[in-house]
Amino acid sequence: MNGLSTILIVVGLFLLGGIYSFVKQQMPKGVIVLVAIGAAMSLGAGVLRLDVWS
């Protein structure tokens, strides 16, 4: 596991926490969807950069 994949996974988890917080604050659905897309992309990129796939 290299540094960039670790950073991407941590950022994705941070954004997932933000989604939870935004839902609790009843923020607009558009904001929640945008943060969810960012979290999914960040987690996906971090997982795909792991060396276990090769």
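In this predicted model, helix α1 takes in the 22 residues from 3 to 24, and at 1.5 Å a residue it should span 32 Å. The C-alpha atoms at its ends are indeed 32 Å apart, in agreement with that expectation.

A look around the helix shows how its residues are arranged. The buried residues of α1 are Ser5, Ile9, Gly12 and Ile19. They are found on the same side of α1, because the arc they cover around the axis is only 65 degrees. In general, residues three or four places apart point the same way, since an α-helix has 3.6 residues a turn. The partner of these buried α1 residues is α2, formed by residues 29–48, against which they pack. On the face of α1 turned away from the buried side sit the exposed residues Ile7, Phe14 and Lys24.

Serine 21 also belongs to helix α1. Its relative accessible area is 27%, so serine 21 counts as partly exposed, given that this class lies between the 20% and 50% cut-offs. The C-alpha atom of serine 21 is separated by 28 Å from that of arginine 49, a residue 28 places away along the chain.

Moving on along the chain, glutamine 26, just after α1, adopts a positive phi of about 55 degrees. Helix α2 then offers a residue of interest at the surface: leucine 34 has its place in this helix and, with a relative accessibility of 62%, is classed as exposed. Together with Val33, Ile37 and Met41, Leu34 makes a nonpolar surface patch of about 420 Å².

Methods:
Residues numbered from 1 in each chain as written. Predicted model: local features only at pLDDT ≥ 70, side-chain atom pairs only at ≥ 80, totals over all residues. Heavy atoms only, no water. Helix = DSSP H or I, 4+ residues; strand = E, 2+ residues; numbered from the N terminus. Expected span 1.5 Å × (residues − 1). Buried < 20%, exposed > 50% of the residue type's maximum accessible area, 1.4 Å probe, protein only. Arc of directions from axis to C-beta. Contact = heavy atoms within 4.5 Å. Patch = residues over 30% accessible without salt bridge, like charges linked within 9 Å, V, L, I, M, F, W, Y side chains within 5 Å. Areas by Shrake-Rupley, 256 points an atom, 1.4 Å probe, with all protein chains shown as cover. Salt bridge = Lys/Arg side-chain N within 4 Å of Asp/Glu carboxyl O.
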